[in-house]
Amino acid sequence: MKQQYRSYQESCDFLIECTKKYPDIISVSTIGKSWEDRDILLATISLNVAFANIKPALLFTGTVHAREWIGNELGIEFIDYILNNYKNNPEILTTLTNNTLYLVPCLNPDGFEYSRQHFSFWRKNRRDNGDGTFGVDLNRNFSIGYRKSTQTNSNVYGGPEPFSEPETQAIKKFVDSHTNITIALDYHSQGNVFFPAHKFNHEMELEGTDLNSLCANMNYHIQKVTGRRYGINRGKPPTKLISGSGREYYYSKGILPVVVEVGTRNIPDYMQNMSESINENIPALLYALSEAKNYSKNAPKRVENFHIKSFSSDECHLAWEYEDNRDIYFEIYRNLNNKMACNDSSLIGITCNNNFIDKNLKSGTMYLYYIRAIDKLSHTKSPYAPKAKLKTLLEDNEFARTIFPNKSKVGYVAEKTLEANISHFGRNSLKVGVSSGRGISYGIMEFDLAGIPENAIILDAKISLYPLNRVSAKIEKYGEWSLSIINQKTIADIQDYHQVHEAKHVKTVGKSVPSEQLTQGIWSHWDFNEFERKKLQEELSKGKVIFKLEGPKELPIGRDSQIMVFDLGYGNQGGGLHYRPAIDIKYTIPSKQLSIELSNAITISEDKVIANKLACGFDKNRNKVYAYMSFDLSSLPDNKETVITEAWIEIHNTSTVKKEVDIRYDVEFVDFDELSYNDIKERERIEYIGYEVSSHELGRKKCHNFAFDHYSKLALEEMHEQDKEAKFIIRPTSVLSREHLINWAHEGENSAKLVVNYIVKRKHPLPNPKNLKAHVDKGTVKISWDKIQNDACVGYYVVRNRWHQPRNPFDGVKLYAGSDTFTYDTFGSTKVDKFYTVFSYDDVPNYSSGAVIEYKR
Ligand SMILES: [Zn+2]
């Protein structure tokens, strides 16, 4: 099978042949020579290639590591694809008109040939280190973060000094002299993952959204071909700088660089896997090439201060700043998960204004927003503004909990590590699947549900896990990972492998995820459907719920591992609270019902006001007669904690209209103090309640319910808050009648009543924390605030954002949630200006509007 891969010489011959066939499109040059005197070839592709160097460019590098053959093969296949298709594919034509591709299929030709002919798993180049060892890891030989070492036999030996190698010198020289390069993609294997560049200071970077979106949009094209999504691994603390890598060198030159790790093995079965990897990467590469111009000096400027101005349970108001320019419009994208595509699939608005309102959102839900400025004439786009993120408010009757497992209640148990299983809890990672060393390995998580009332009605639930890496998932398309609720009666000790293995499932949750879709570096969510929510609801009475995560249980011949690693957020590989497994539950509670008796029944006509009578219709002069009702709301609980979920007025008619006339009667919610005919005639209506009933219906049945709509319920709560009575009139709608009255019951069991369904829930957030301070304490920024003296205060939520003031707790990096009155920005830098916002919250939770402090170094 290995014969299907091109040799280096075959690759070079192919490129030279192309320049003869397509001299206008492609040129080939030698950018340097290897230790063994091989030419390092670079292909330049553009329309017309003579002007290539004045256009924005993407740099492709492959096979920096000798055994990672995909780079060379993909590079050659990509060129072949372009040359075969550009004439009849307008998209490629446009892309090549505006952008240039520089492509080095193999930066390590000596190592590549050594790997092909002698030692498959060779990684380095072929320098003679002079001590009997060979090779320098070229991806440790660049200058940024270069680390000197004498371990010449190491696979990651970085060479005697930065750029000591002819291969790295060659690419450095080329990059340094081609400032038109805006994007650099370095192709490696394996892992099916993007590793965008990083400044490793755990602060948001201006280019962070650009890098993630570039990868997410490439993913969109990959997924169209094979259904696979690559991981996008960026920004997970604590990460060490990869010393001396090419990616960080390109980043230091102002280029957007990404390492793409393709496939699940370095040298896979060509027909089955390599061709699939190539097919899925070509459209992604074409897309990336089309983005080169959007990062050139001539592209529109990035939008500034893109932020969330205000939001509610179903709307979000975005605003931003941009210099006046009639040639510019803006595209706004919305996603539900981090690191998703920003393209037509997520475009929600195009506007020339500096603000946008997104409507009809779902309550208690996370939304991420992105924006680019577009030049109308050139269609060139700007880089992205840093993304804005929010969770919409809860609806009036909703509560929410995000629950993390206790350290000792989350871990994994493996078949062959029985003694050690206990030490797999609350530490580092969750390793799930099967390997020759561990045998079958299950993840297990127990969540405490005691904070949710037993009778809660679960409206929404999801479990989130962060796949950390899939390096041990070595087989393409093999196995599925699934999550199940475990029957608690069948397990006493979650740290015991045999018990976990034997435990009975109550229900599998959401979809199981096939290996090729289990991507690292992007949160995985399992959403509960209605039936699964019911099952979760049944666990409420037990005060906890246990989930088991399982993968494949056996390995094919010749394979040693299919293990997926999920982050735990604990231990030395964890990033603290950022990447902990979590269950999000949105719920409501059953309503209580209160039936409020009529306190006043009055009939008001032009010439008299009659107490203790409820009638409406027309007098002999064709003037309307009104029935007036009022209800005392004081039997409802404290208005700050009463949410009316449903309300209706029940009235019974005790008389009917004799003749067939089309008269209808409706109920109006009113507010006036004087009870005179004129006041009623000139009344201000708050709202109609329900729909009118016709005189015909009055004949058919006697009991009529008038239901409150959303607005009327709020008005009713307002009356309660102001200690006012709720007042209504019943009136005929017709103007064409004379002298008849409908009587409505005002005494006895059929008497008119106001029925209110309500729940007890805190309605308003607490005040903001006061006396916010941010100062450097022992090399870390410490943020502190005063305690809020209110029993309803559950805690404080601290978020930081480098670019704009966070207006909701989710718009930035979460630093803390809990009841202390201080926190440290543990992973943050003291040398970066930023905003911190502290929110107080109660048990709903309602978040306060947030107190902001700006930290300046
Ligand atoms: Zn590599």
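Trainee: In what order do the strands of the open sheet with antiparallel pairing run?
Mentor: The model is a predicted one. In it, strand 9 (304–311) and strand 13 (355–358) are the edge strands, each pairing on one side only. The twist averages 20 degrees from one strand to the next. The sheet is open, its pairing is antiparallel, and its 3 strands come in the order 9-10-13.

Trainee: Which residue stands opposite C316 in the pairing of strand 9 with strand 10?
Mentor: Strand 10 covers residues 316–321, and 5 bridges join strand 9 to strand 10 in an antiparallel run. C316 belongs to strand 10, and the residue opposite C316 is F311.

Trainee: How far from C316 is the nearest cysteine sulfur?
Mentor: The number of disulfides in the structure is 0. A disulfide would need two cysteine sulfur atoms within 2.5 Å. C316 is in no disulfide, and the nearest cysteine sulfur is that of C342, at 15 Å.

Trainee: Is C316 buried or exposed?
Mentor: The cut-off for buried is under 20% relative accessible area. C316 has a relative accessible area of 0%, so C316 is buried. C793, at 17% relative accessibility, also falls under that cut-off and therefore counts as buried. For C316 the answer is buried.

Trainee: Which side chains of strand 15 point to the face where they are buried?
Mentor: In a regular strand, side chains alternate between the two faces of the sheet. Strand 15 (residues 388–391) shows this alternation: K389 and K391 point to one face and are not buried. The side chains that point to the other face and are buried are those of A388 and L390.

Trainee: Which residue stands opposite K391 of strand 15?
Mentor: Strand 14 (residues 366–375) and strand 15 run antiparallel and are joined by 4 bridges. Opposite K391 stands M366.

Trainee: Which residues coordinate the zinc ion?
Mentor: The donor atoms lie at 2.0 to 2.5 Å from the zinc ion. Along the chain the donors follow the spacing H-x2-E-x119-H. E68 enters twice through OE, while each histidine gives ND1, and the residues are H65, E68 and H188.

Trainee: Why is the arrangement around the zinc ion irregular?
Mentor: Four donors would count as tetrahedral if all angles lay between 85 and 135 degrees. Here the 4 donor atoms subtend angles of 57 to 147 degrees, which makes the arrangement irregular.

Trainee: How many residues apart are E68 and H188?
Mentor: At 4% relative accessibility E68 counts as buried, and H188 is buried with a relative accessible area of 2%. Both residues are donors to the zinc ion. E68 sits in the loop between strand 3 (57–62) and helix 2 (70–85), and H188 in strand 5 (residues 181–188), so the pair links distant parts of the chain, with a separation of 120 residues.

Trainee: What is the distance between the closest N and O atoms of D137 and R123?
Mentor: D137 and R123 both lie in the loop between helix 4 (109–117) and helix 5 (166–176), so their salt bridge ties together parts 14 residues apart in sequence. Both D137 and R123 are buried. The closest N and O atoms are apart by 2.8 Å.

Trainee: Which residue forms a salt bridge with K507?
Mentor: K507 lies in strand 23 (residues 505–514) and its partner in helix 10 (residues 530–539), so the pair ties together parts 25 residues apart in sequence. The partner counts as buried because its relative accessibility is 4%. With closest N and O atoms 3.6 Å apart, the partner is E532.

Trainee: Is K778 buried or exposed?
Mentor: K778 forms a salt bridge with D777, with the closest N and O atoms 3.9 Å apart. The cut-off for exposed is over 50% relative accessible area. At 75% relative accessibility, K778 therefore counts as exposed.

Trainee: How many salt bridges does the count come to?
Mentor: The pairs include K778 with D777. Shared partners also join R228, E276, E280 and K477 into one network. The count comes to 45.

Notes
Residues numbered from 1 in each chain as written. Predicted model: local features only at pLDDT ≥ 70, side-chain atom pairs only at ≥ 80, totals over all residues. Heavy atoms only, no water. Donors = N, O, S within 2.8 Å, 3.2 Å for Na, K, Ca; no water. Tetrahedral: all angles 85-135°; square planar, octahedral: opposite > 155°, others 65-115°. Helix = DSSP H or I, 4+ residues; strand = E, 2+ residues; numbered from the N terminus. Buried < 20%, exposed > 50% of the residue type's maximum accessible area, 1.4 Å probe, protein only. Salt bridge = Lys/Arg side-chain N within 4 Å of Asp/Glu carboxyl O. Pairing = 2+ DSSP bridges. Axes fitted to C-alpha atoms, helices over the stretch in contact; angles between N-to-C directions.
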